[in-house]
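Hello,

Here is the structure I promised to pass on to you. Please have a look at it first, and then read my notes below.

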Amino acid sequence: MLTMTFLGVGGAFAKRNFQSNALVEAWTVGPDAQASPDDNLLIDFGSTGPLALHQLKDVDGFHYLSDGARIHFPAIKRVFISHQHADHIGGLEEMAFANRFLYASTNDNGSCKPELISSTEILKNLWEHSLKGGLGILKDQPATLDDYFDVNALAHDNVDACGFDLLDKYRFSIFSTDHLCLDHKYDWPSLGLFITQDGSSESAFFSGDTKYDFEAYESMLQRSKIIFHDVQLHEQPDPVHALLSQMQEMPQAIRQKTFLYHYDDTWDAPQYNCVDEQFAGFVKPHRRYVIFDG
Ligand SMILES: [Zn+2]
Ligand SMILES: [Zn+2]
């Protein structure tokens, strides 16, 4: 079984919800039979990620993430980074230092390095332009990303053919998203995930942050039985996220299997009541969504 639970469902400026980071859990047997999953993966860990995880650990079914009053960071096996905005990477310094200084001697395998997965280009930029300022020194020694994480850099020259697996049967293929660009489409790296299961025709779509680009994603959206897509509720010229008004243009059959996340704090205003009718709904935080039940 593969499940996805959102730590938060808000956009970069959300204050009523945490930012949109998600915990994927892979189970050999279902979650009812086991205290903890056999593998897991955080999709992004932004500035509000640590506090969001701190709250999730006290929710029934997630106590394996708890070390009493603290987050048990070694319980997070892998982290995938979709892109470099702070609402997706701002919690990594705390995770790295907590694993290094609070849990270095207690982890099962003697190391407290979660796997850090992204494209080569994103990981290089992540270190050079975001994390190095805080993590670049350990006591009196220079440090690198490898001191904190088992780095899994996916070749960036052919992003659309790359991916990674959980439990050798759930395949996470990365694809480029059109979130921001300097000169041409895809020149500022950002990624989404297309998830498939070995031996099954079922698949799932996770957009990451992207402008509305139905044409680029249509074949994956058609094939997916469940879709998670970012949305921006307030109208704006030249947006960097998919506007609700644009998402409403998608065919009904696709809208009905699409959950919206990364939404503004105004989600409960009356004009957005239509979301429950036109889509699968807004993603609810802390709810375990089943991606594959086998
Ligand atoms: Zn974002
Ligand atoms: Zn972004």
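Let me start in the middle of a sheet: strand E3 (residues 39-43) and strand E6 (residues 78-80) run parallel to each other and are joined by two bridges. If you want a pair of residues to find the place, Ile 43 stands opposite Phe 80 of E6. Please keep in mind throughout that this is a predicted model.

The sheet around that pair is an open one of seven strands, ordered E10-E7-E6-E3-E2-E1-E18, and its pairing is mixed. At the edges you will find strand E10 (150-154) and strand E18 (288-292); each has a single partner strand, so one side of each is left without a neighbour in the sheet. From one strand to the next, the twist averages 25°. Helix H4 packs on this sheet, where it touches E10 and strand E7 (115-119), and the direction of H4 makes about 115° with that of E7.

H4 also has a helix as a partner. Helix H3 (residues 92-101) packs against H4 (residues 120-135) at an angle of about 40°, and the two axes are 10 Å apart. That angle makes H3 oblique to H4. As for handedness, the crossing of H3 and H4 is right-handed. Which residues bring the two helices together? On the H3 side they are Leu 92, Glu 93 and Ala 96, and these meet Leu 131, Gly 134 and Leu 135 of H4. Sorted by class, this contact has four nonpolar residues, one polar and one charged.

There is another sheet to look at. Again it is open, with seven strands and mixed pairing, and the order here is E11-E12-E13-E14-E15-E16-E17. Strand E11 (163-166) and strand E17 (281-282) are the edge strands, each pairing on one side only.

Two pairings in this sheet are worth stepping through. E11 and strand E12 (residues 170-176) are antiparallel, with four bridges between them. Leu 166 has Tyr 170 of E12 as its bridge partner. The hairpin that E11 and E12 make has three residues between the strands, and there Leu 167 takes a positive phi near 50°. Further along, strand E13 (residues 191-197) and strand E14 (residues 203-206) also run antiparallel, and four bridges join them. Here Ile 195 is matched with Ala 204 of E14 as its bridge partner.

Finally, the chain as a whole. It contains eight helices and 18 strands. Its radius of gyration is 18 Å, close to the 19 Å that the globule rule gives for 294 residues, so the chain is as compact as a globular protein of that length. Taken along the principal axes, the box that its C-alpha atoms fill is roughly 55 × 50 × 40 Å.

Enjoy looking through it, and do write back with any thoughts.

Best wishes

Definitions and conventions:
Residues are numbered from 1 along each chain as its sequence is written. Chains are lettered from A and ligands numbered from 1 in the order in which they are written. This is a predicted model: local features need pLDDT of at least 70, side-chain atom pairs count only at pLDDT 80 or more; totals for chains, interfaces and linings use all residues. Axes are lines fitted to C-alpha atoms, for helices over the stretch in contact, and angles run from 0 to 180 degrees between N-to-C directions. Angles under 35 degrees count as roughly parallel, over 145 as roughly antiparallel, 65 to 115 as roughly perpendicular and the rest as oblique. A crossing is left-handed if the near helix is turned anticlockwise from the far one by less than a right angle, and right-handed if clockwise. Two residues are in contact if their C-beta atoms, placed from the backbone, lie within 7 Å. Ala, Val, Leu, Ile, Met, Phe, Trp, Tyr, Cys and Pro count as nonpolar, Asp, Glu, Lys and Arg as charged, and the others, Gly among them, as polar. Two strands pair if DSSP finds at least two bridges between them. The radius of gyration is taken over C-alpha atoms; the globule rule is 2.2 Å times the number of residues to the power 0.38.
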